[in-house]
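Trainee: Could you take me through one part of this protein closely, and explain the terms as you go?

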Amino acid sequence: MKTYKQFKKELLKNNQIKESYNELGPEFEVIALLIKKRIKGRLTQRELAKMVGTKQSAISRLESGTYNPTISFLYRVADALDARIKVSIGSK
C-alpha cells in the first residue's frame, strides 16, 4: 500500500495534474491559515460563524475547500479572527 506522499509524488509526475495542483496551492494555503487561526483562537466553526454572521455550514464549506467565497466574506472571517487579508497582484 502506498503512502499519501508516494501517491502524491506519482500523480505529480503528470504535467496536467501538476499544473492543476499548483493552481490550487494559494486557495489551500488561505484555507489552512484560516483554520490555524481559528484553532489558535480556540473557536469552533459555530462560534466563528456567529461572529461572521453566517451559518456553521458556510464555515465548514470554506474550510473544506468546497465553497468559493467572496473577498468580502474572507475579509469578514479574517476580521472575526483578529487577522487581515492582504491581496496583491504581481507578474508571472
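Mentor: Let's look at how two helices pack against each other.

This is a predicted model, where local features need pLDDT of at least 70 and side-chain atom pairs count only at pLDDT 80 or more, while totals for chains, interfaces and linings use all residues. Residues are numbered from 1 along each chain as its sequence is written, and side-chain values use heavy atoms, leaving out hydrogens and water.

Our pair is helix H3 (residues 45-52) and helix H5 (residues 71-80), whose axes come within 9 Å and cross at roughly 115 degrees. Helices here are DSSP runs (H or I, at least four residues), numbered from the N terminus. Axes are lines fitted to C-alpha atoms over the stretch in contact, with angles from 0 to 180 degrees between N-to-C directions. That crossing makes H3 roughly perpendicular to H5, a label for angles of 65 to 115 degrees.

Who touches whom? From H3, Leu48, Met51 and Val52 meet Phe73, Arg76, Val77 and Ala80 of H5; contact means heavy atoms within 4.5 Å. By class, this contact has six nonpolar residues, no polar ones and one charged residue. Ala, Val, Leu, Ile, Met, Phe, Trp, Tyr, Cys and Pro count as nonpolar, Asp, Glu, Lys and Arg as charged, and the others, Gly among them, as polar.

Note on methods: Helix = DSSP H or I, 4+ residues; strand = E, 2+ residues; numbered from the N terminus. Parallel < 35°, antiparallel > 145°, perpendicular 65-115°, else oblique.
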